[in-house]
Amino acid sequence: MLWLALLALNVCLCSAFDNGLGKKPQMGWNSWNKFGCDINETVILSTAQKMKELGLLEYGYEYIVMDDCYALKQRDPVTHKIVEDPDKFPNGILDLSNKIHDLGFKFGMYSSAGKYTCAGYPGSLHYEEIDADTFANDWEIDYLKYDNCFNEGNSGTAKISYERYNNMSQALLNTGRPIFYSLCQWGEDHVWDWGSTLANSWRISGDIYDNFDRYDDRCPCETYECPGLQGYSCSINNILEKAVPLGQKASEFSGWNDLDSLEVGNGGMTTSEYKAHFTLWAILKSPLVLGNDVTGMSDEDFAIVTNKAIIAINQDGSRPANRMWKRKTEGGYLHLFTNSLNNGTTVVTLYNSGDAVKDTTVEFSDIFFGDKKSAAKSYTFSELWTNDTFTAEKKFKTDIGEHSVKIWWLDCPEEYCGTSEDNSKRFDFEY
Ligand SMILES: *[C@@H]1O[C@H](CO)[C@@H](O)[C@H](O)[C@H]1NC(C)=O
Ligand SMILES: *[C@@H]1O[C@H](CO)[C@@H](O)[C@H](O)[C@H]1NC(C)=O
Ligand SMILES: *[C@@H]1O[C@H](CO)[C@@H](O)[C@H](O)[C@H]1NC(C)=O
Ligand SMILES: *[C@@H]1O[C@H](CO)[C@@H](O)[C@H](O)[C@H]1NC(C)=O
């Protein structure tokens with residue numbers, strides 16, 4: 001009997017997807033949010049050079065991903081390969097890939113599981129093996145973002161979408177080159193239920209739009225239960241509501257819910273909204289993929305995306321944050337999230353999506369819901385945007401600005417929250 005059980009376990013392990021990648025949410029940069037189709041080798045390479053110069057690689061931003069619009073509109077008539085646009089890449093894509101690798105980054109590209117890409121270039125549907133070979137061997141990529149445009153009706157059930165995305169998954173595995181596989185299937189056909197069996201991450205919504213909470217007819221659905229299209233031009237609050245219930249689907253053993261590339265630095269939100277955006281994406285264990293023009297990045301935006309403690313929380317292999325409560329307030333909600341990190345420390349995030357400053361009390365019985373022992377202890381709270389610290393038991397009171405977050409690491413490790421003389425003096429709570 002034991003032998004049979006082990007055999008069954010073994011079969012199960014053998015069939016699980018494992019390309020050795022995706023133990024942590026991926027970090028990097030993607031060209032789409034800022035540049036759309038206006039890309040060429042100068043744009044991609046100057047981004048990589050600037051990211052190196054700014055030290056972003058050391059913060060973990062390792063993948064440089066070139067999105068749509070790098071190809072000619074026709075495949076090569078003889079080999080049927082995708083052909084790079086020689087005007088945009090006078091030295092060729094392999095040369096670009098080599099230069100990015102020489103800088104120490106990994107190189108990513110894009111295609112669609114459809115007849116065409118979203119911008120109308122050749123898609124990889126029914127060309128999976130040829131294209132995987134081009135990506136792996138001609139261009140030596142390390143990452144593929146795989147879109148959903150022009151899928152020729154091969155969607156609408158989990159099975160058909162699964163097959164379509166699995167065909168590229170198998171083709172990539174067959175190349176023998178480790179390639180991070182990032183599904184961009186817009187959260188259709190319950191991709192979070194099967195994405196982990198063939199990929200490292202999967203988009204759970206339509207495309208992000210650089211806006212805090214704008215309602216948009218093109219992105220009407222506020223939860224993943226919305227039937228049909230998940231839309232596009234989705235505000236960060238719209239995507240948040242889709243992501244929150246899906247936390248249980250993501251882990252270091254399965255892969256990650258992708259809330260789409262970041263908009264920090266693109267100008268559509270205030271600094272406090274961008275801090276909220278970055279924090280929420282990080283605690284929900286979304287990939288942290290910059291989507292701005294890093295060559296012209298402000299110091300303020302740089303400081304947001306290089307918050308070491310918040311990056312460390314994102315890169316801890318533990319599961320996404322749980323939302324412990326959500327309470328209606330003027331023009332929005334107050335939300336309380338908690339993360340349990342793998343080493344047993346706890347992170348508490350308070351998020352105010354409403355239009356007015358709020359005072360609130362946070363009860364330890366909510367932070368440690370169902371765990372009376374932990375709720376009974378005293379903790380030092382370190383706020384990761386201001387470095388304010390305080391010690392509390394049972395509950396604490398705080399205020400929280402409109403459209404903003406506060407995120408505290410409880411008993412924060414010294415490397416992230418060393419108590420300088422400066423911040424130990426600043427208490428921001430009444431008890
Ligand atoms: C790439 O585009 C930029 C901005 O449009 C332009 O300045 C540059 O010359 C272009 N480079 C190539 C190789 O086409
Ligand atoms: C996947 O590949 C198989 C084998 O080549 C093919 O028969 C099938 O049509 C493909 N499925 C989709 C949805 O593209
Ligand atoms: C806890 O986990 C974080 C993130 O993975 C790590 O950086 C830190 O050193 C760990 N140790 C303690 C004591 O918190
Ligand atoms: C907070 O402390 C960290 C770690 O010591 C430091 O890197 C960061 O600059 C500080 N932030 C502020 C706003 O003081």
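# A walk through the predicted model

Start with the whole protein in view. With 431 residues, a compact globule would have a radius of gyration near 22 Å, and this protein has 22 Å, so the two agree. Keep in mind as you go that this is a predicted model. If you draw a box around the C-alpha atoms along the principal axes, its sides come to roughly 75 × 65 × 40 Å.

Now switch to a cartoon view. You'll find 15 helices and 16 strands. Buried residues make up 54% of the 431. Take the contacts with a separation of 6 or more: 70% of them link residues 24 or more positions apart.

Next, put a surface on. About 18,500 Å² is exposed, and carbon and sulfur atoms supply 50% of that area. Try colouring by charge, too: there are 39 positive and 63 negative charges, and the mean positions of the two sets are 5 Å apart.

**Stop one: strand β11**

Hide the surface and select residues 346-352, which form β11. How many of its seven residues are buried? Seven of the seven are, leaving the strand mostly covered. Show the side chains and look at which way they go. In a regular strand the side chains alternate between the two faces of the sheet. Here T346, V348, L350 and N352 point one way, while V347, T349 and Y351 point the other way, and all are buried.

**Stop two: the partners of β11**

Add residues 332-340 to your selection. That's strand β10, and it pairs with β11 in the antiparallel sense over seven bridges. Between these two strands of the hairpin sit five residues, and G344 takes a positive phi near 95° there.

Then bring in residues 404-410, strand β16, which runs antiparallel to β11 and is joined to it by six bridges. For a landmark on this pairing, click on N352 in β11: opposite it stands S404 of β16.

**Stop three: T338**

Go back to β10 and pick T338, which lies in that strand. Which residue of β11 is its bridge partner? It's V348. Is T338 buried or exposed? Its relative accessible area is 8%, under the 20% cut-off, so T338 counts as buried.

Show what surrounds it. Not counting residues up to four places away in sequence, T338 touches A321, N322, M324, V347 and I367. If you want to try the distance tool, measure from T338 to K373: they are 35 residues apart in sequence, and their C-alpha atoms are 16 Å apart in space.

**Stop four: D85**

Leave the strands and select D85, in the loop between β2 (63-65) and α4 (93-102). This aspartate has a relative accessible area of 12%, and under 20% means buried, so D85 is buried. Leaving aside its neighbours within four places in sequence, D85 is in contact with Y70, A71 and L72. Now draw a line from D85 to G60, which is 25 residues away along the chain: the C-alpha atoms are separated by 30 Å.

**Last stop: E300**

Finish at helix α10, residues 299-305, and click on E300. At 52% relative accessibility it is over the 50% cut-off, so E300 counts as exposed. For one more distance, select V264 as well. E300 and V264 are 36 residues apart in sequence, with 9.9 Å between their C-alpha atoms.

Terms used. Residues numbered from 1 in each chain as written. Chains lettered and ligands numbered in written order. Predicted model: local features only at pLDDT ≥ 70, side-chain atom pairs only at ≥ 80, totals over all residues. Heavy atoms only, no water. Helix = DSSP H or I, 4+ residues; strand = E, 2+ residues; numbered from the N terminus. Rg over C-alpha atoms; globule rule 2.2 N^0.38 Å. Buried < 20%, exposed > 50% of the residue type's maximum accessible area, 1.4 Å probe, protein only. Contact = heavy atoms within 4.5 Å. Areas by Shrake-Rupley, 256 points an atom, 1.4 Å probe, with all protein chains shown as cover. Lys, Arg positive; Asp, Glu negative; His and termini not counted. Charge placed at Lys NZ, Arg CZ, Asp CG, Glu CD. Pairing = 2+ DSSP bridges.
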